[in-house]
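Got a fold you'd like to pick apart? Take a look at the model below, and then let's go through some questions about it.

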Amino acid sequence: MQRIRQNKKGVSNIIVVALGLVIVVTIVVNVFLWNFEMNQLDWEKIKEDIKITDVAHVNVTRSFWFVAQSEYIVNTGNHMNGTYENTKVANDGNWETFQEGTGSPSYRLDINGTFILDVSAYPLESISTVEIQLRYRASDGFEKCFLKAYNWTAQAYRDNGFNLTAGHTPTGGWDNYAINLTDKWRSYVRGDGTIYVKFHDEGNDAVRTTIDIDFLGVRTVASGTRFTFQNKGSLTSHLVSLWVNNSTHHRRYNISIFVNAGDTESYIRSDISLPNKPYIVKIVTERGNIAIHSES
Ligand SMILES: [Ca+2]
Ligand SMILES: [Ca+2]
């Protein structure tokens, strides 16, 4: 009897120990998994290595020319020769020819083209103005030519705020006609970078004019403050806010810049001007890291 009782006691001890082990293992595994998840975020935060390597005022930085990507629309007048492809490069011996129409109103020309600024490479917040340049030749100089752009607010072609609104008088040879949209450019550029440009004659006159367009392009001008960020870490960093502070000036700006691992990125803001020294520039990443650059 005593041996049987002892055996029972031994079996129940084994069961208690086994159950205890299962509980301990379950707890250890859970703690380990929880730690692993926590550590993944902490680890990413620790591994992030972003620096502000330079802060500088930039006077003027121009983009390359954005040219027509589709055929011009002829609202009044006639298309004679060539295609929009011939208007993409200046001084290359290729041009597209249009002629004033003879309908009603007679001897008029009105064409427009679509241009798309690359706002991922040249973000809207970096743009201080937009320039339009035309290289053309008119068969006579009896009337002026005009450049306008579609004003997205007014929903019409306008030149309000352009630096030149008086038109351009052709010489009969090849002429350059360049304008900029001053600080009013934003009314003429849609959020996705689209700008419609119109070329038209002055009015109804007695001579039917032929126009050769060698080049028509649009480009952005950036000026303001350029920030240079270097990512020495092994993960992409997402910068989400930027501060410019001195003793009297504290400003926070929302930003959204991705800097790939190992990359250096420049970022120009036309709306930020640097305060008097000493000042500090601070950025915060999405993971919560901070980088500081100070100028004394
Ligand atoms: Ca005319
Ligand atoms: Ca050309």
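Picking the chain apart

Q: Which residue of S14 does Ser-237 stand opposite?
A: Keep in mind that this is a predicted model. Ser-237 belongs to strand S13, residues 237-246, which is joined to S14 by eight bridges, with the two strands running antiparallel. Across from Ser-237 in S14 sits Val-259.

Q: Which strands stand at the edges of the open sheet, each with a single partner strand?
A: The sheet has four strands, with antiparallel pairing, in the order S14-S13-S16-S17. Two of these strands have just a single partner each, so one side of each is left without a neighbour in the sheet. Going from one strand to the next, the twist averages 20°. The edge strands are S14 (250-259) and S17 (290-295).

Q: Is the protein chain more spread out than a compact globule, or not, and what is its radius of gyration?
A: The chain holds one helix and 17 strands. For 296 residues the globule rule gives 19 Å, and the chain's value is well over that, so the chain is more spread out than a compact globule. Along its principal axes, the C-alpha trace spans about 130 × 50 × 35 Å. The radius of gyration comes out at 33 Å.

Q: How far apart do the C-alpha centres of domain 1 and domain 2 lie?
A: The chain splits into domain 1, made of 50-59 + 224-295, and domain 2, which covers 62-223. Contact between them involves seven residues of domain 1 and six of domain 2. On the domain 1 side, strand S1 (50-62) and strand S15 (264-269) are the elements giving two or more residues. As for the C-alpha centres, they lie 37 Å apart.

Q: Which side chains of strand S5 point to one face and are buried?
A: In a regular strand, side chains alternate between the two faces of the sheet. Strand S5 (residues 96-99) shows that alternation, with Thr-97 and Gln-99 pointing to the other face and not buried. The buried ones are Glu-96 and Phe-98.

Q: Which residue of S12 does Phe-98 stand opposite?
A: S5 pairs with strand S4 (residues 78-81) in the antiparallel sense over three bridges, and there Asn-78 stands opposite Gln-99. S5 also pairs with strand S12 (residues 210-231), antiparallel again, over four bridges. In S12, the residue opposite Phe-98 is Ile-211.

Key:
Residues numbered from 1 in each chain as written. Chains lettered and ligands numbered in written order. Predicted model: local features only at pLDDT ≥ 70, side-chain atom pairs only at ≥ 80, totals over all residues. Pairing = 2+ DSSP bridges. Axes fitted to C-alpha atoms, helices over the stretch in contact; angles between N-to-C directions. Domains from an automatic or database assignment. Contact = placed C-beta atoms within 7 Å. Rg over C-alpha atoms; globule rule 2.2 N^0.38 Å. Buried ≥ 20, exposed ≤ 12 C-beta atoms within 10 Å, placed from the backbone.
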